[in-house]
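Got your viewer open? Load the model, colour it by secondary structure, and follow along stop by stop.

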Amino acid sequence: MNTMGTTKRSVDELLAEAREELDRLEPLDAAAAQVQGALLVDIRYAALRERDGTIPGALIVERNELEWRLDPQCDHRLPEATHHDLRVVVVCNEGYASSFAAVSLRQLGLERATDLIGGFQAWRAAGLPVH
């Protein structure tokens, strides 16, 4: 145990715990969710977006701003962050950081937040649109 009274766990253990909370989506399911009104939120940093492209219609929100931009109660929220019942699908590069980000959004009350299995790379590999 560390000085804060918690058991030390590996990042893999934390990731597995985070994913237990999520109904993660495969690329085709994420595309269908977007058509049905879900917000796809790309949290990749600029160099990856410039290198690989973006998902048409996805919101670009850097990871370090995510909670402030999507919290419906925050003065710095995006116009799309209108209520806590939003369906949000977080997209990172390969589907790891997005799981932690989606859990963070759920902690803010966005209980329908989840992430894309395999991230942007899986989206692209599935032949879904990229620009």
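## Start with the whole chain

Show the whole protein chain first: of its contacts with a separation of 6 or more, 65% join residues 24 or more positions apart, where contact means heavy atoms within 4.5 Å. Before you click further, note that this is a predicted model, in which local features need pLDDT of at least 70, side-chain atom pairs count only at pLDDT 80 or more, and totals for chains, interfaces and linings use all residues. Residues are numbered from 1 along each chain as its sequence is written, and side-chain values use heavy atoms, with hydrogens and water left out.

Switch to cartoon view and you should find six helices and four strands. Helices (H or I, at least four residues) and strands (E, at least two) are DSSP runs, numbered from the N terminus. Walking from the N terminus, the order is α-α-β-α-β-α-β-α-β-α.

How does the radius of gyration fit a compact globule of 131 residues? The chain has 15 Å, which agrees with the value near 14 Å for such a globule; the radius is taken over C-alpha atoms, and the globule rule is 2.2 Å times the number of residues to the power 0.38. Along the principal axes, the C-alpha atoms fill a box of roughly 50 × 35 × 25 Å.

Now turn on the surface. The accessible area is about 7,300 Å², and carbon and sulfur atoms own 51% of that (Shrake-Rupley method, 1.4 Å probe; for residues, only the protein chains shown count as cover). Buried residues make up 43% of the 131; buried means under 20% relative accessible area, exposed over 50%, and partly exposed in between (1.4 Å probe, protein chains only).

## Into the cores

Hide the surface and select V41, I43, L66, L70, V88, V90 and L105. These have the most contacts inside the largest nonpolar core, which has 20 residues. A nonpolar core here is a set of buried Ala, Val, Leu, Ile, Met, Phe, Trp, Tyr and Cys residues joined through side-chain atoms within 4.5 Å. The elements giving two or more residues to this core are β1 (39–42), α4, β3 and α5, and α5 supplies the largest share, four residues. Apart from this core lies another, of 14 residues, including A31, A38, V91 and L116.

Zoom in on I43. Beyond its neighbours within four places in sequence, I43 is in contact with V61, E62, R63, L66, V90, V91, C92, A97, S98 and A101.

## Along helix α5

Next, pick out α5. Its buried residues are S98, S99, A101, A102, V103, S104 and L105, and the buried residues of α5 pack against α1 (11–20), α4, β3 and β4 (114–115). Past the helix comes G109, with a positive phi near 105°.

Centre on S99, which sits in α5 (residues 97–107). Is S99 buried or exposed? S99 counts as buried because its relative accessibility is 0%. Setting aside neighbours within four places in sequence, S99 is in contact with L15, A18, R19, L22, R24 and D115.

## Three more stops

Select A30 in helix α2 (residues 27–35). A30 is buried, with a relative accessible area of 0%. Leaving out neighbours within four places in sequence, its contacts are L25, L40, V89, L116 and W123. Draw a C-alpha to C-alpha distance from A30 to L40: the two are ten residues apart in sequence and 7.9 Å apart in space.

Move to A46, in helix α3 (residues 46–52). A46 is partly exposed, at 29% relative accessible area. C-alpha to C-alpha, A46 and D23 are 27 Å apart, with their positions 23 residues apart in sequence.

Finish on T82, in the loop between α4 (66–70) and β3 (88–91). Its relative accessibility of 53% is why T82 counts as exposed. From T82 to L48 is 34 residues in sequence and 28 Å in space, C-alpha to C-alpha.
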